[in-house]
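This report introduces a molecular structure to a reader who has not met it before. The sequence and the model are shown first.

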Amino acid sequence: MTTDIHSKLEKLAALQKTLVNGDFLLTWKQDEATLRAVLLGAQILEDMVKANISTRVFDTGLGLSIFRDKSTRTRYAFRSGCNLLGLMTEELDESTSQIAHGETVRETATMIGFLSEVIGIRDDMFLGEGHAYMKEVSASLDESFKEKALGHRPAVVNLQCDLDHPTQAMADLAHLADHFGGLDNLRGKKLAMTWAYSPSYGKPLSVPQGIIGLMTRFGMDVTLAHPEGYDLVDEPIEAAKRFSKESGGSFKQVGSMKEAFAGADIVYPKSWAPAAVMRERTRILRARENAKLADLEKQALANNAKFKDWECTEELMKGTKDGKALYMHCLPADVTDVSCKEGEVAKSVFDRYRLDTYREAGHKPFVIASMIMHTRFGKPWDVLKNLVAANKPRRPV
Amino acid sequence: MTTDIHSKLEKLAALQKTLVNGDFLLTWKQDEATLRAVLLGAQILEDMVKANISTRVFDTGLGLSIFRDKSTRTRYAFRSGCNLLGLMTEELDESTSQIAHGETVRETATMIGFLSEVIGIRDDMFLGEGHAYMKEVSASLDESFKEKALGHRPAVVNLQCDLDHPTQAMADLAHLADHFGGLDNLRGKKLAMTWAYSPSYGKPLSVPQGIIGLMTRFGMDVTLAHPEGYDLVDEPIEAAKRFSKESGGSFKQVGSMKEAFAGADIVYPKSWAPAAVMRERTRILRARENAKLADLEKQALANNAKFKDWECTEELMKGTKDGKALYMHCLPADVTDVSCKEGEVAKSVFDRYRLDTYREAGHKPFVIASMIMHTRFGKPWDVLKNLVAANKPRRPV
Amino acid sequence: MTTDIHSKLEKLAALQKTLVNGDFLLTWKQDEATLRAVLLGAQILEDMVKANISTRVFDTGLGLSIFRDKSTRTRYAFRSGCNLLGLMTEELDESTSQIAHGETVRETATMIGFLSEVIGIRDDMFLGEGHAYMKEVSASLDESFKEKALGHRPAVVNLQCDLDHPTQAMADLAHLADHFGGLDNLRGKKLAMTWAYSPSYGKPLSVPQGIIGLMTRFGMDVTLAHPEGYDLVDEPIEAAKRFSKESGGSFKQVGSMKEAFAGADIVYPKSWAPAAVMRERTRILRARENAKLADLEKQALANNAKFKDWECTEELMKGTKDGKALYMHCLPADVTDVSCKEGEVAKSVFDRYRLDTYREAGHKPFVIASMIMHTRFGKPWDVLKNLVAANKPRRPV
């Protein structure tokens, strides 16, 4: 274990990457070395917890979160990631606060920033708005820091926006690195990111967008598949095209799950709403045309129903590499005959990979903690090295 | 103080008891030495706080709670018990999480377990279900730990289920040990656990069940009294019978408060709903037959009203040992002319024991902290001994 | 920096002030030296954070809050102030607790006090009740401590009541001390505390009351201005009169914003409801005469509308000292053309001072932390001195 930690610490130090006084909003805006550094940081923190070495760097300090959508896993991951570093967490509850009273974003950003090291935000429900909101918070913090209304610049970490879900995609990357024995082994692996049927409508696009935008950077052959009309937004598609060229991998789009699964090493079947539906949904909600929302939902569900055969079945799994592709999901999955009558994945397939999806999720607290460390310190590698050297027990054994 | 701590530490070490990688769900499933160890642990932690010695064992770590019913005292006790040990607390809020979306218990158990030392659960409203839910969470954690989806096995601590309320019963035991000068002095003491009238219906059965299941283990003469039909469930009744024989105490059931109070050293008058009513309530709620719920409540209240004379009055108190039995209650009590017109206890009786009931409640944070320590460490006695030896101040004076 | 801290530490030690085992409820019940000590403590804590010196004094412990009204800023300030000192925060949520079930205040006070160092309370909506509630909690803690149901006496800190908003007023004082180069430089400065128009009704009176009750103690010339009928309650008015005489400052009341602004060094234009309206509102809510509430609101808004010219405009600002008075606000402000059509302050005025109002707010976490320290320790100056001497880094750099 310790040898392993030291070799990772050396690799991390060699990268010399920091995001100090910056944010982590979109993976495709970060250079590859930074992503490698964040991943290494997460792996080192995981190793430290296994070796019972304290990861606490902050004596006091706050991690603030704002959840504009429901969350169990990411909320817990943010809180436990903050706690790993010694930060107390608080959530801005917009219903019991005075935010509804016409308060501006920039004011609130400063008010919750005075003693916060990080502000984690989930705002994924409104296409065209979530990322914009995070940028606004970010700009407000910049201004207040520059003008000395804030004594330091808290980081913003994207806990899922309309464009990307970087803590999920990076946790997925950590899972793949674990599963295949290292990032370098991902080169040439075929990943199928495919739409799948769900009895609900309106699931965010951020997971598939995050996956194609990130996995194309490590030489993987990424295939995106969805029924006609279930388009993603352009920005991550363009990023995936560009990155696949740069990394020596590939990116293609196909029209069937079967085609995407053919020979795949990894499959990621998941429901999402068409970008056009999500845009119309945002417009309706803004205009408060609530009657139209029911119509939109009805239409969207009717359209979904045409594609019930987009289910990750045993039959389809047989077409993957040796019939044994790694199944991935960000959870919760719509499992046929478990959580719904007809869903994203057959029960027997899901059951085989269920514990794998738990392991996949288990990386998220560490990814978030690593993102926080990289945004807080000029030399995160030294901070981690000092913690390992101090070798303070995390708890008695 | 310090001498006292050291003698308790020696007794604890002699018991050699640990629940490491296990849970604390029902007192009657624990052997007596374990209960003595948990009680000693709680007393040592209390002594340490009085002596301003730090009880912090965790550098980082989380205590998760799930409250499926309202709670003020136990919620605070869980949080302060976790904080005593250095754990940050978080509550899984099922309304803002995605749990309602068909997520399975076992998945959630793992998702909130990654960096948690303990998961505290209150699920007391549905007879036949609360304990079953905790067992399901427990089994899920076992599986994920065995399959390495979790790096450690978080403990489940029962913060009140349909069968038992072990943190309350153990705090009550600590109160009795305090009041009578030690556990051994409880031998031969007469305790009356009796039903009492309340203007509400549907109060859980877990407190009386927990009391008869625990107090019969220490040689006490326990009498249970309730009006006809207000039966408890069988499991704790059977446990009480068995334990009273083993411990040299006694357990009997009588039909009037007066008879139960006669010569009692301790009285615990408290309202609860008949097991049959609670079972029907669970059935109705499951079947969503909401109209029937109002009928059930009406019937139950009408039946309750027949037993308004089950009130702990001065007159009844005169019949206790020297007229001075110790009055106990888990709070909040329905006090006649204070919180209601006709309730469980007369104002003058309650007033005389009010501060005693506060002292009784004050043991709970320490009982919970001791339960956590016993489920986390192979040698909890050594962990406590090391803390006392370190003698780090809890705070400046 | 360090020199500065040491000189402040010496001043603080010279004051020899502590509130140990007491509360911080109303500034006008504290002597001037205590207020100076709390302010110095806050400034020292700010300096320590800037110098990256750990301010953590508690190894474990809780800071409890009860918010009976919405709050963003003060809630965050309380939490971050507690965190600065090492306290984990918890909020008593009266909706998910059993408080609605007839539980008495004194019982709850004890139940949430067992391991709490401080209980922060906001109860500002009911004139004649908020301060009374805090006194009731305070008396309950006194009794339980005296009777040994509590092992220590937690402090109550007023996070805004019907009479005073001491954490706001003290943060405002810290802002003025910063802006004018020290408390002594406030002598002779002219401050205009004036009513201002808002499209809402029912804003608490605690801010203007807190400002006139505090600022008159440091030799300032304080003018209070409001339309006829918008009276404050008597207690702080009387305090302001008394203090202004004692401090060599002055206190007067005028009937126009223009008159109050004339030659002012500082202006604090802010909406509040007439005391008579707030008293009637409390009566209606107590009597559950909900229909009358709408009438009261309608009347109050109609009355407000007569005074739309009470807006802090550029024109009015020209009348202040050199046209450059410092504008203050507790936030959120009703800014004309930003948060409402017609409000308390013109957009261009607010924009010029916006970052100043952020700096003003930034003192609050430190003021709260200093209040907590003064209520917890017999010699808070020594505790701070020891922290500075220990010079433990708050976080890696």
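The paragraphs below treat the relation between the chains, their contacts, the domains of one chain and one pair of helices.

This is a predicted model, in which local features need pLDDT of at least 70, side-chain atom pairs count only at pLDDT 80 or more, and totals for chains, interfaces and linings use all residues. Residues are numbered from 1 along each chain as its sequence is written, while chains are lettered from A and ligands numbered from 1 in the order in which they are written.

**Relation between the chains**

Two copies of a chain are related by a rotation about an axis and a shift along it. Chain B is superposed on chain A by a rotation of 120° with 0.0 Å of shift along the axis, at an RMSD of 0.0 Å; the fit is by least squares on the C-alpha atoms of residues with pLDDT of at least 70 in both copies. That is the relation of a three-fold axis. Within chain B, the C-alpha nearest this axis belongs to Met88(B), at 4.3 Å. A turn of 120° and a shift of 0.0 Å along the axis likewise lay chain B on chain C, with an RMSD of 0.0 Å.

**Contacts between the chains**

Two residues are taken to be in contact if their C-beta atoms, placed from the backbone, lie within 7 Å. On this basis, 28 residues of chain B are in contact with 30 residues of chain A. Elements here are DSSP runs numbered from the N terminus, namely helices (H or I, at least four residues) and strands (E, at least two). On the side of chain B that touches chain A, β2 (88–91) and α4 (105–111) of chain B give two or more residues, and α4(B) gives the most, with four residues. Only 4% of the interface residues of chain B are also interface residues in chain A, so the copies meet through different surfaces.

The contact of chain B with chain C takes 30 residues from chain B and 28 residues from chain C. On the chain B side, α2 (32–50), α3 (73–85) and α13 (347–362) each supply at least two residues. The largest share, six residues, comes from α3(B).

The table gives the make-up of two sides of chain B and one side of a domain. Ala, Val, Leu, Ile, Met, Phe, Trp, Tyr, Cys and Pro count as nonpolar, Asp, Glu, Lys and Arg as charged, and the others, Gly among them, as polar.

| Side | Nonpolar | Polar | Charged |
|---|---|---|---|
| Chain B, touching chain A | 12 residues | 11 residues | five residues |
| Chain B, touching chain C | 12 residues | nine residues | nine residues |
| Domain 1 of chain A, touching domain 2 of chain A | seven residues | four residues | eight residues |

**Domains of chain A**

The domain assignment of chain A gives domain 1 (2–164 + 363–390) and domain 2 (175–361), with bounds from an automatic or database domain assignment. Their centres, taken over C-alpha atoms, are separated by 26 Å. In the contact between them, 19 residues of domain 1 of chain A meet 21 residues of domain 2 of chain A. To the side of domain 1 that touches domain 2, α2(A) gives the most, with four residues.

**A helix pair in chain C**

In chain C, the axes of α7 (residues 206–215) and α8 (residues 234–247) come within 7 Å and cross at roughly 20°. Axes are lines fitted to C-alpha atoms, for helices over the stretch in contact, and angles run from 0 to 180 degrees between N-to-C directions. That makes α7(C) roughly parallel to α8(C), a term for angles under 35 degrees. Gln209(C), Ile212(C) and Gly213(C) in α7(C) meet Pro236(C), Ala239(C) and Ala240(C) in α8(C). The residues of this contact comprise four nonpolar, two polar and no charged.

Methods: Parallel < 35°, antiparallel > 145°, perpendicular 65-115°, else oblique.
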